[in-house]
Amino acid sequence: MRWRPLLLLFLLSACARPDTLPPEVGLVYPQGGGVAPGRSLRAEGYAFDPSGVVSVRVNGREVLEAPSRGKPLVAFRFRLEAPSSGTAEIVLEAEDGVGNRATRRVAFTLDNDPPRIQLERTERLEGGLVRVYGRVEDNVGVERVVLLEKGRYLPLSLPKGTSVPFAVVASPGSVLIAVDAAENRASRRLP
């Protein structure tokens, strides 16, 4: 009778598989795309491994804080200075508790160009208001569009993308502000 628990333990240990897979590592923000040259870039990411993540490095520099080491799912953040021209690439490296390593390269396009706000049609409404139809375009992606009216910033609920149509009702002289994924800004006064 005493051998049965030992046999069961032996069988279970024979079925256990060693961890041979590297950790998963990635960025949540920014995911790539546009970055304004010469600006400090705030980035956030994650790493996952069932054996526990013991190290996360960005371009060779450790960014995982000590309290997070050894946990299966860890979040990390860092700042990076973007170069002034061309493309930038960062190398993410993660290591798990049994020595498996993963490397991921993330490329960024350095974006100097602000978004373009195109007004396509204007309608005069009662009460001195105008309805303006248009489009905001950007080579990398429009992040958000805001209406500045009478000293108040009113965000427009628009999708993100490289070409974003809009229709807005506002007072004449209000300002439409567009921000792209690299935080470049453009503004246009409404007629």
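1. Surface patch. V28, Y29, Y46, F48 and L73 make up a nonpolar patch on the surface of this predicted model. Together they offer about 460 Å² of accessible area. Two elements give two or more residues to the patch: β1 (24-29) and β3 (40-58).

2. Y46, a patch member. Y46 lies in strand β3. Its relative accessible area is 34%, so Y46 counts as partly exposed. The cut-off for patch residues is over 30% relative accessible area, and Y46 is one of the patch residues.

3. The chain as a whole. The chain has one helix and 13 strands. What is the order of the elements from the N terminus on? The helix leads, and the strands follow: α-β-β-β-β-β-β-β-β-β-β-β-β-β. Of the 191 residues in the chain, 36% are buried.

4. The largest nonpolar core. This core holds 20 residues. Which of them touch the most other members? They are L27, V56, F76, F78, I90 and L92. Five strands each supply at least two residues of the core: β1, β3, β5 (71-81), β6 (87-96) and β7 (101-110). The largest share comes from β3, with six residues. Strands β1 and β3 thus appear on two lists, as they also give two or more residues to the nonpolar patch on the surface.

5. The aromatic pair. How many aromatic pairs does the model have? The count is one. F76 and F78 form this pair, and the two rings are stacked. Their centres are 6.4 Å apart, with 15 degrees between the planes. Planes under 30 degrees apart count as stacked, so the angle puts the pair in that class. Are F76 and F78 buried or exposed? Both are buried. Both also belong to the core residues that touch the most other members.

6. A charge over a ring. R121 and Y133 deserve a look in the viewer. The charged end of R121 sits over the ring of Y133. The distance to the ring centre is 4.1 Å.

7. T162 and E143. T162 is in strand β11 (residues 161-170). Why does T162 count as partly exposed? Its relative accessibility is 44%, and partly exposed covers the range between under 20% (buried) and over 50% (exposed). T162 and E143 are 19 residues apart along the chain. Their C-alpha atoms are separated by 9.0 Å.

Definitions and conventions: Residues numbered from 1 in each chain as written. Predicted model: local features only at pLDDT ≥ 70, side-chain atom pairs only at ≥ 80, totals over all residues. Heavy atoms only, no water. Patch = residues over 30% accessible without salt bridge, like charges linked within 9 Å, V, L, I, M, F, W, Y side chains within 5 Å. Areas by Shrake-Rupley, 256 points an atom, 1.4 Å probe, with all protein chains shown as cover. Salt bridge = Lys/Arg side-chain N within 4 Å of Asp/Glu carboxyl O. Helix = DSSP H or I, 4+ residues; strand = E, 2+ residues; numbered from the N terminus. Buried < 20%, exposed > 50% of the residue type's maximum accessible area, 1.4 Å probe, protein only. Phe/Tyr/Trp six-rings, centres within 6.5 Å; stacked < 30°, edge-to-face > 60°. Lys NZ or Arg CZ within 6 Å of the ring centre and 35° of its normal. Core = buried A, V, L, I, M, F, W, Y, C linked by side-chain atoms within 4.5 Å.
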